[in-house]
Amino acid sequence: MRGLLEAYDEQMRGVPPHPPAEVSYEQDGPLIRTVGQFRGFISAPRDVGVQGAELDDLIARQRDYFAARGESVEWKIRGHDRPADLTERLRAAGFAPKDEETILIGHTKDMASPPVLPDDIAIRQVTEAADMHRIAAMESTIWGQDLSMIGDDLAGRVAAAPDDIAVLVAEADGELVSAAWLVVRPGTEFAGLWGGSTLSAWRGRGIYRALVAARAEIAAARGVRYLHVDASDDSAPILRRLGFHAVTTTTPYVWSPSD
């Protein structure tokens, strides 16, 4: 497992090379700010390399930058990040931790197989903006909140770098019942599995597993060595049974103007 985590730290820190239109990256010391999404995002190395008052100043600059824009910002923390008091100092600066997830990594070759689906379900890859907004509407229904930004985000990614993302939907007689996407990180051996939410009436029928297999097949065809997932407590057991390995945890620390 250590080799998987080392590969992740070496290759998956930082930001993707092809941002959507209107999205930009800004360097601030050891950090990279992503600007122009529905909320800001902070990428950091495993060890930010500063401590004490210098670290407090670095954190405050990120908060104040997005405060001036009237936007919230997420600082993605992994369970093995340093320094040890980083999360304590984020809290002190007003960043609030959200739900912890488990980072799972698997070998693509072990996951790739033809998806097995119920007879009334079909999977297809989509590229049109209208389908991205259908996905956002479904996600909003599942999670009981406005997630319309997902549609804009997916459409922007497809428009900016269509070879870096594959969006799949599962449908029953034309009704969208689940969706998931594969995000390839050019220049690395990794691709990420995202989405995978399914309408409650359609859960327990193997759709999630089928979408994992379908995305793994696409990744294998592109020569991707590793798949990684930020997994919830619901999906982590399924992924472990499929051969994924837990390597660390991840927690979003979010500052919002409303806080």
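**Exercise 1. Work out which residues of helix 5 are buried, and what covers them.**

Step 1: Asp131, Met132, Ile135, Ala136, Met138, Glu139, Ser140 and Ile142 are the buried residues of helix 5. Here buried means under 20% relative accessible area, exposed means over 50%, and partly exposed is in between (1.4 Å probe, protein chains only). Helices (H or I, at least four residues) and strands (E, at least two) are DSSP runs, numbered from the N terminus.

A quick note on the source: this is a predicted model, where local features need pLDDT of at least 70 and side-chain atom pairs count only at pLDDT 80 or more, while totals for chains, interfaces and linings use all residues. Residues are numbered from 1 along each chain as its sequence is written, and side-chain values use heavy atoms, with hydrogens and water left out.

Step 2: Now look for the cover. It includes strand 7 (122-126), helix 6 (149-160), strand 8 (165-172), strand 9 (175-184) and strand 10 (190-198).

Step 3: Check the helix itself. Helix 5 (residues 129-143) has 15 residues and reaches 21 Å from its first C-alpha to its last, close to the 21 Å expected at 1.5 Å a residue. That expected span is 1.5 Å times one less than the number of residues. Just after helix 5 comes Gly144, with a positive phi of about 65 degrees.

**Exercise 2. Find the largest nonpolar core and the residues with the most contacts inside it.**

Step 1: Start with the rule. A nonpolar core is a set of buried Ala, Val, Leu, Ile, Met, Phe, Trp, Tyr and Cys residues joined through side-chain atoms within 4.5 Å.

Step 2: The largest such core has 48 residues, and Ile135, Val167, Leu182, Leu227 and Phe244 have the most contacts inside it. At least two residues of this core come from each of helix 5, helix 6, strand 8, strand 9, strand 10, helix 7 (207-221), strand 11 (226-231) and helix 8 (236-241).

Step 3: Zoom in on Val167. Not counting residues up to four places away in sequence, Val167 touches Arg124, Gln125, Val126, Met132, Ile135, Leu154, Val158, Ala180 and Trp181. Contact means heavy atoms within 4.5 Å.

Step 4: Apart from the largest core lies another one, of 19 residues, with Ala44, Val50, Leu86 and Ala93 among them.

**Exercise 3. Decide whether Thr250, Asp9 and Glu10 are buried or exposed, and list the partners of Thr250 and Asp9.**

Step 1: Thr250 sits in strand 12 (residues 245-255). Its relative accessible area is 3%, so Thr250 is buried. The Thr250 side chain makes a polar contact with the side chain of Lys76 (3.3 Å). A polar contact is a pair of N or O atoms within 3.5 Å; within protein, one must be able to donate a hydrogen and the other to accept it, and residues adjacent in sequence count only if both atoms are side-chain atoms. Beyond its neighbours within four places in sequence, Thr250 is in contact with residues including Ile77, Arg78 and Asp230.

Step 2: Move to helix 1, where Asp9 lies. Asp9 has a relative accessible area of 16%, so Asp9 is buried. The Asp9 side chain makes a polar contact with the side chain of Arg13 (2.9 Å). Leaving aside neighbours within four places in sequence, Asp9 is in contact with Arg46 and His80.

Step 3: Glu10 is also in helix 1 (residues 2-11). With a relative accessible area of 69%, Glu10 is exposed.
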